[in-house]
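Hi,

Here is the structure I promised to pass on to you. Have a look at it first, and then read my notes underneath.

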Amino acid sequence: MMCSIVPPYMLRRIAAQSEPRLRAVARAAKESLLHIKDLQAIRTAPIPAAPPSARQTKPGPPQRTIFDAESTETLPGRVVRKEGAGPVGDVAADEAYDGLGSTHRLYGEIFGRDSIDDAGLALDATVHYGKLYDNAFWDGSQMVFGDGDGQIFQRFTKSVSVIGHELAHGVTQYTANLAYRNQAGALNESMSDVFGVLVEQYLKQESAAKASWLIGEGLFTDQVQGAALRSMKAPGTAYDDDVLGKDPQPDSMDTYVRTSADNGGVHINSGIPNKAFYVVASELGGNAWEAPGQIWYGTLTSGSLPATCTFGKFAKTTVATAEELFGSGSAEHDAVLKAWETVKVKV
């Protein structure tokens with residue numbers, strides 16, 4: 001299923017604007033909303049993990065192809081850069097190429113995973129999708145990036161965490177295949193936020209203490225009062241703007257949002273497991289892609305998460321994974337327990 005980075009509730013706020021200066025932005029948001037609805041109506045069958053015979057003993061190099069949609073909505077578009085070729089001078093195309101490489105590198109070097117499907121899947125991305133298109137998405141087989149409207153959003157290739165986030169939907173698709181609805185959908189979104197920030201932190205070699213923990217930092221123009229789409233460190237604080245409103249993410253079950261919108265709040269309630277991961281990383285210190293990342297990756301790939309996984313089931317599985325990797329009573333095990341206690345999810 002198509003998974004996008006900008007939540008529908010944010011696009012609805014923009015679409016409702018009636019000021020003359022925001023007319024083009026409102027129209028772009030309405031078109032993005034309709035596009036999300038159309039694409040999400042196309043259900044994709046669960047994709048099984050690659051058979052062991054297809055996997056390599058060691059992750060291979062990335063196989064990237066960047067396409068240009070040339071402001072149309074036709075995919076994949078015209079090839080503009082292939083694996084091994086130098087920069088082409090198109091900022092979006094070169095950022096997409098580099099971001100795909102950074103994501104492939106994290107999975108290969110840290111988790112021993114051979115691309116998104118663990119069998120060397122080629123990484124394709126299309127840039128310059130649509131006109132003033134306010135989103136980036138994973139469509140089940142490739143990445144797609146809009147250029148933004150220029151008033152609220154800049155180009156979506158600008159943030160490495162966005163690229164890492166969207167490709168992580170592919171990893172989830174090939175592993176747990178969490179349903180994109182309710183708590184399972186919020187976990188699906190959260191897993192993408194977790195690995196999105198890990199791609200960025202690993203690229204920058206930033207410790208948990210030094211990292212911003214922001215998803216989509218740099219996407220907003222200077223006309224927006226906000227730092228990013230979401231904050232994993234402090235859900236609910238990423239933006240507070242006249243046009244966008246205030247970041248609605250809760251940071252614990254005390255403020256869990258019950259809604260039928262956004263597939264049952266998948267982009268809103270993801271703040272709760274996001275905060276849990278941040279607490280684990282901050283408690284342990286050092287690099288988040290090490291013990292915290294190993295626990296979350298081990299949980300995602302454990303084979304024990306049902307498609308309709310709840311926060312409680314996911315929390316119990318992270319505790320079991322931490323115990324398996326580091327032992328009962330270890331600092332890692334205790335940090336995971338504390339994290340779920342902090343966000344009021346019962347283990």
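**Helix α9 and what surrounds it**

Let me begin where one helix ends: right after α9 comes G327, and its phi is positive, near 100°. Before going further, keep in mind that this is a predicted model.

Now for α9 itself. The helix covers residues 311-326, so to speak a run of 16 residues. From its first C-alpha to its last it reaches 22 Å, close to the 22 Å expected at 1.5 Å a residue. Its buried residues are F311, G312, F314, A315, T317, T318, V319, T321 and A322. If you want to see what covers them, look for helices including α5 (182-204), α7 (271-284), α8 (291-300) and α10 (331-342).

**A closer look at T321**

One residue of α9 that I followed up is T321. Is T321 buried or exposed? With a relative accessible area of 8%, T321 is buried, because the cut-off for that is under 20%.

And which residues does T321 touch, once its neighbours within four places in sequence are left aside? They are I295, G298 and T299. I295 is 26 residues away from T321 in sequence, yet the two C-alphas are 5.9 Å apart in space. With T299 there is a polar contact, made side chain to side chain at 3.1 Å.

**The nonpolar core**

As a general background point, nonpolar side chains in soluble globular proteins tend to be buried together. In this model, the largest nonpolar core has 97 residues. The ones with the most contacts inside that core are M10, F153, F195, W213 and W296.

I picked F153 to look at in detail. Leaving aside neighbours within four places in sequence, F153 is in contact with V6, M10, I14, D134, D147, G148, L219, F220, T221 and L229. M10, then, turns up among the contacts of F153 as well as in the list of best-connected core residues.

**Salt bridges**

How many salt bridges does a search of the whole structure find? It finds nine, and three of them are worth a visit when you open the model.

- D193 and R230 form a salt bridge in which the closest N and O atoms are 2.8 Å apart. The pair links distant parts of the chain, with D193 in helix α5 and R230 in strand β8 (residues 230-231), 37 residues apart. D193 is buried, with a relative accessible area of 0%, and R230 is buried with a value of 0% too.
- D68 and R78 meet through their side chains in a salt bridge of 3.7 Å, N to O. This pair also links distant parts of the chain: D68 sits in strand β2 (residues 64-68) and R78 in strand β3 (residues 78-82), ten residues apart. Here D68 counts as buried at 8% relative accessibility, whereas R78 counts as partly exposed at 44%. There is a network too, in which salt bridges link D68, E70 and R78.
- E19 and R21 have side chains that meet in a salt bridge at 3.0 Å, N to O. E19 is partly exposed at 36% relative accessibility, and R21 is partly exposed with a relative accessible area of 46%.

If you have time for one stop, I would go to T321 and find its polar contact with the side chain of T299.

Cheers

Terms used. Residues are numbered from 1 along each chain as its sequence is written. This is a predicted model: local features need pLDDT of at least 70, side-chain atom pairs count only at pLDDT 80 or more; totals for chains, interfaces and linings use all residues. Side-chain values use heavy atoms; hydrogens and water are left out. Helices (H or I, at least four residues) and strands (E, at least two) are DSSP runs, numbered from the N terminus. The expected span of a helix is 1.5 Å times one less than its number of residues. Buried means under 20% relative accessible area, exposed over 50%, partly exposed in between (1.4 Å probe, protein chains only). Contact means heavy atoms within 4.5 Å. A polar contact is a pair of N or O atoms within 3.5 Å; within protein, one must be able to donate a hydrogen and the other to accept it, and residues adjacent in sequence count only if both atoms are side-chain atoms. A nonpolar core is a set of buried Ala, Val, Leu, Ile, Met, Phe, Trp, Tyr and Cys residues joined through side-chain atoms within 4.5 Å. A salt bridge is a side-chain nitrogen of Lys or Arg within 4 Å of a carboxyl oxygen of Asp or Glu.
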